[in-house]
Amino acid sequence: MATLFAFVAGLVFGLGLIIAGMVNPAKILGFLDIAGTWDPSLALVMVGAIAVGLVAFALARRRTMSALGLPMQLPSQRTVDARLIGGSLVFGIGWGLAGFCPGPAIVALGAGYAKGAVFVVAMLLGMGAFALIDRHRTRTDSAIPDANRP
Amino acid sequence: MSIDWINFTPWSAAIGGAVIGLAAALLVLVNGRVAGISGIVGGMLRPRADDFAWRLAFIAGLLLAPMVYAMVAAFPSATIAASYPVLIVAGLLVGIGTRFAGGCTSGHGVCGLSRLSPRSLAATLAFMAAGFVTVCVVRHVIPA
C-alpha cells in the first residue's frame, strides 16, 4: 500500500513539474539568467508548492505516525555547516551549467530525451561517488548519524 | 535585468507548483517521507530491504509522468542546449553536490522551506546564488 502511494506521489510530482514547465532546461536557465532577460516562472513554482507544503508539513509535524501508520521521518538536523553550503554551491554550479536538477532530469529521461538520460547517468555516478566518500568518512568519523540527514 | 515577458508563464508555474506541493503533501502525510528527489534516489544506492520499494515506486511515477501527461495533452517539448560533455560534468556536480548538501530543489527548496527549516533556507540561497553566477559567467562573461 505504501509503495502504491509512493508511486502516485511520484507521478503527481512529475505531472506538476511538466505543468510548471520545469522539465524544460531552457526555462530553468531563463530563471537563473538574472543578468539577462529574466523569466521569474520558477519563483512562482516555488510559491505554489510552498503554499501547499506549509499546510502539509504543519500537519505532519504534529504527528508521529503517517496516515498508513508509518513513522513520520522528518529531518532533525538544525545546524548550517560547510558540508551543507559547499554541497549546495557544487549543486548550483551543475544546475546552472545544464538547467537540470534531479527531478526534472528524471522526468526528461522518462519523456525519452537522450540528453536527460546522459545527465541522469552522470548524476547517479556523482551520487555513487558520494556514497563511497561518505562510507569512508563515516567509518573514520561517526559524529553524524545517517538518520539525521534529510 | 529585464523581465522576459514572452516566456514568463505565471499561471502554469503557480498551478504546477501547487501540484508539486500536493505530491509532497501526499508523500509526507501518507508515507511519512520527505519528497526530496536526490535523497530518494541516493538512498537507493545503499539499498536496505525495507526501504527500497517506496523509493523505486516514486521514481517510477516520475518516469511515467510524461506518458500519463501525453494522454491528456501534448507533452511540452524541452530545449536542452547543453552539449553532452557539459551534461556529464553538470550531472556529476549535481549528483555529488546534492548528496553532500542532503537535498536539492525539492528536498530543500520545496519541502525544507515548507518546514521553515533554516538549513534548507541556507541551502536554497546557496544553490540559487551558485546557479545565478554560473549562468551569468556562461552567458555573459565568457562570450564577451
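**Exercise 1.** Find the residue that forms a salt bridge with Asp33(A), and say where the two sit.

*Solution.* Start with the rule: a salt bridge needs a side-chain nitrogen of Lys or Arg within 4 Å of a carboxyl oxygen of Asp or Glu. In this predicted model, Asp33(A) pairs that way with Arg139(B), and the closest N and O atoms are 3.0 Å apart. Next, place both residues, with helices (H or I, at least four residues) and strands (E, at least two) taken as DSSP runs numbered from the N terminus. Asp33(A) is in the loop between helix H2 (25-32) and strand E1 (37-38) of chain A, while Arg139(B) is in helix H6 (residues 118-141) of chain B, so the pair joins two chains.

Local features here need pLDDT of at least 70 and side-chain atom pairs 80 or more, while totals for chains, interfaces and linings use all residues. Side-chain values use heavy atoms, without hydrogens and water, residues are numbered from 1 along each chain as written, and chains are lettered from A and ligands numbered from 1 in written order.

**Exercise 2.** How many salt bridges does the rule find across the interface of chain B and chain A?

*Solution.* Three turn up across that interface. One more pair to look at is Asp134(A) with Arg46(B), at 3.1 Å from N to O. Over all chains, the structure holds eight.

**Exercise 3.** Which residues of H5(A) and H3(B) meet?

*Solution.* Count heavy atoms within 4.5 Å as contact. From H5(A) you get Ile106(A), Val107(A), Leu109(A) and Gly110(A); from H3(B), Ile59(B), Leu62(B), Leu63(B) and Pro66(B).
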